[in-house]
Structures are given as structure tokens and as C-alpha cells.
Amino acid sequence: MPEPPSVRGATALPREIGVLVGSAFAIAIGFGLVAPVLPAFARSFDVGVTAAAAVISVFAFSRLVFAPLSGTVVGRLGELRVFVAGLAVVAVTTAGLAFATAYWQLIALRLVAGVGSTMFTISAVSLLVRLSPPHLRGRATSLWATGFLLGNIAGPLLGGTLAAIDVRAPFLIYAALLVLVIVVGGPLLRRPEGPVDEAPPPRIRFRDAVRHRAYRASLAGNFANGWAVFGVRIALVPLVVVEALGREDAFGGIALSVFAAGNAATLLLAGRLADRSGRRPPLIAGLAVSGASTAVLGWVLDPWMFLALSLVAGLGSGLVNPPLNAAVADVIGERARGGSVLAGFQMAADLGAIAGPLVAGALAEVWGYGPAFAVTGVLSLVAALVWWRAPETLPSRS
């Protein structure tokens, strides 16, 4: 009888990991199709800029509020069922956007879509944790993150083209991609001996995980990463480019693309380093590099230096994600189900993404962009110090 892929020394990832990575790529492409056109679509209902932005915010708010419930549901019903159900919820609500006739319908549909998004995100990561051999978790999480990153790069490019033809077309195509993931990915995630979640494994609770110093460090790292990458960078970089550097809006897109390129360049390397040298070395290095480069970004007035620092910040950020996710997977364990643990981890990033633009934006209005980015960078440096004192979680080095 062949050895299971989790046996120490195996070098191939299970087939299901490839399915999850492919699903992540398809989902990210669809999300990227919708993201650029959604605010403009909301404005077509004769609402203001704030109301149009609320269509984006309500989705993030819904994810944050329902994350604990989704984690509980994953723990009780199993990852595969919740994964498919979450995708179905987002597919139906996204298709509904294409037929919306009033602004309130957009808000309601996006609110429900946030619930579905949380369901499939937590269940997919839980599957990734449980199916990845411990010594290959860094590689698995880096492939997962790369799938999302590439999809997020390709999606907006296609979305702009489709929107020029019909602004409602991206919503229908995103829904179709989600249905494709359900139809193709669902059966492939069922092993010959039965569904991947047929025999319920033991559950680890959030209150148990939070006693682990490495998990608390992971929460700090994800909060700082969400604040910097998903919050402040997206919200303030376009403004800095126009108001401080005196460049056109397009330069802000270039700066964000340079950051994404740096991120992509180190994701796979970070996964391999995390599996060979441990989770802590790439994590500490990545947080330190991204924190230091972000801290000075708001003081720079030369456009080319701004791009160079954006690239360095992207390189550092790419070193953070795979070992950070792998460390949380190590805390949960190979065969345990940790929906609430993953929900808490996700909420840390969501809180950072929500609080970051608000706090940094207020600092920028009062004292300028320099202090706003300085505080953002310091948070990452603090997270690096927290990880410096945290234990290693790689099973062979613990």
C-alpha cells in the first residue's frame, strides 16, 4: 500500500492542493473582473462617491462580522461542504448584481456575498492546512498565494475590456467562473475513498490556539500586513502620487503593479525557505524589509525612488505570507480542523485593512503622508519583533 503524501520525506504535494491553487486563480480572476467596475456601476444609480464606496466597504464589513460564524460552520459541517456552499452563495449574488435595478439591491447582494466569500475562504484555507504535509506547508501556501496574486493581476485587465463592452458583463462572467470551480473543483476534491472531510477530524478552538505564542505573533503579523498591504497602500499610494509627487493617476497604478511584481518574485522562494529553514527567518526578514521601506515611503519626493521602495516593500511582503500561513497551519496541526482559528487569523487582516486607511488617512490630513506611512511601517517592525520572541513552529525544528 503506497505511503500517504504526508509521510516525511515525500516531495510531491497532494493533487488536491493543485485543485485549490487552480480554484484560487479562477476566483481571483473573477474578483479582479468585478472590482474595477463595481464603483462605477454603483454610480450609475445616481448616488454619490461615498455611497459608491460603501458597496466595497459593506463587503469587507460582512466578511469581518461573519468570519467567526463561518469558522464554526466549517468546524461542524466540514470544509468541502462549506467551500461549495460559499462559492454558490457568491455566484448567485454576483449574477444578481447584473440584474440589479436599484442601489439598495447592490448593498444587499454585496452583504450576502461577503458571507459566502468568508465561507469559501476559511474552508479552502482549512483544506489547504489539513491536506498539506507539514514539511511542505510553506510551498503549498506560497502556491496558493501566487494563484490569488496572478488572478488579481489578470482580472482587472480583462475587466476593463469587458466593461467597455457591457458594464454588467463582468458580474455574469465572475458568476460563471465560480460555477465552473464548483463543477470541476468539487469532484476533484473528493478522494477515491470518499470526501476529504468525510471522517470529521478533531477540532482546535480559537481560545486554545491563542495561548500559543506563535499564533499570537501570527495575529500581529497578519494585522500589520492587512493594515499596510490591503489598507494603506491601496488607499494612499494613488493620493501620494498625485498630491505629493505631482504625477498623473496612471503612475499610481504603476506603483501598485511594481509592488505586486516584487510580491510575486519572492512568494515561491518564501515557501521553500519556510519549509527548509523554518517559518521565523523569512517572516522576520520580510516584516523588517517591508516595514522599513514603507516607513520612509511617504517622505520620498523622487518618483523613481518611490517605485524602487515600492518594489522593495513588495519583495518583503512576499516573504511574509507563505510562512505566516504555514505557522498558523502548524499551530492547528496536520489532522485537526481549525475553522475558528483560521477565522480569527483572517479577522486580524480584515481589521488592519479597515483601520489602516482610517488612521493613516487622518494622520495624512493633519501631519502629511510621511507620518502616515511611518506609522504603517512601524507596525510591521513591531510585528517582526513579536516574531523574534516567538517559537519556531516547523515540526522538524520545534
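**Salt bridges, helix α12 and surface features**

A search of the whole structure, which is a predicted model, finds four salt bridges. One of them pairs Arg-279 with Asp-330, and the closest nitrogen and oxygen atoms of this pair are 2.7 Å apart. Arg-279 is located in the loop between α10 (249–276) and α11 (280–295), whereas Asp-330 belongs to helix α12, so this salt bridge ties together parts that are 51 residues apart in sequence. Arg-279 and Asp-330 are both buried. Asp-275 joins Arg-279 and Asp-330 in one network, formed by salt bridges that share partners.

Another salt bridge links Glu-16 and Arg-15, with 3.7 Å between the closest N and O atoms. The two partners differ in how they are covered. Glu-16 has a relative accessibility of 5% and therefore counts as buried, the limit being under 20%. Arg-15 has a relative accessible area of 44%, so Arg-15 is partly exposed. A salt bridge is also formed by the side chains of Arg-211 and Asp-208, at 3.7 Å from N to O. Here Arg-211 is exposed, because its relative accessible area of 62% is over the 50% limit. Asp-208, at 26% relative accessibility, counts as partly exposed.

The chain as a whole gives the setting for these pairs. Its secondary structure consists of 14 helices and two strands. Of its 398 residues, 53% count as buried. Among the contacts in the chain with a separation of 6 or more, 86% are between residues 24 or more positions apart. The accessible surface of the chain is about 16,800 Å², and carbon and sulfur atoms account for 69% of this area.

Helix α12, which holds Asp-330, covers residues 303–332. At 1.5 Å a residue, its 30 residues should span 44 Å, and the C-alpha atoms at its ends are 44 Å apart, so the expected and computed spans agree. Of the 30 residues of α12, 23 are buried, which means that the helix is largely enclosed by the rest of the structure. At the start of α12, the backbone nitrogen of Trp-304 has a side-chain oxygen of Asp-302 within 3.2 Å. Following α12 is Gly-333, which has a positive phi, near 105°.

A further buried position is found in helix α4 (residues 79–97), where Thr-93 is placed. Thr-93 counts as buried because its relative accessibility is 7%, and the limit for this class is under 20%. A polar atom of the Thr-93 side chain lies 3.1 Å from the backbone oxygen of Val-90. When residues up to four places away in sequence are not counted, Thr-93 touches Leu-109, Val-112 and Ala-113.

On the surface, a nonpolar patch is formed by Val-179, Leu-180, Val-183, Val-184 and Leu-188. Together, these residues have about 410 Å² of accessible area. Val-179, one of the residues of the patch, is in helix α7 (residues 169–188). Val-179 has a relative accessible area of 41% and is therefore partly exposed, a class that lies between the 20% and 50% limits.

Technical notes
Residues are numbered from 1 along each chain as its sequence is written. This is a predicted model: local features need pLDDT of at least 70, side-chain atom pairs count only at pLDDT 80 or more; totals for chains, interfaces and linings use all residues. Side-chain values use heavy atoms; hydrogens and water are left out. Helices (H or I, at least four residues) and strands (E, at least two) are DSSP runs, numbered from the N terminus. The expected span of a helix is 1.5 Å times one less than its number of residues. Buried means under 20% relative accessible area, exposed over 50%, partly exposed in between (1.4 Å probe, protein chains only). A polar contact is a pair of N or O atoms within 3.5 Å; within protein, one must be able to donate a hydrogen and the other to accept it, and residues adjacent in sequence count only if both atoms are side-chain atoms. Contact means heavy atoms within 4.5 Å. Accessible areas come from the Shrake-Rupley method with a 1.4 Å probe; for residues, only the protein chains shown count as cover. Patches are made of residues with over 30% relative accessible area and no salt bridge: like charges are joined within 9 Å, nonpolar side chains (Val, Leu, Ile, Met, Phe, Trp, Tyr) within 5 Å.
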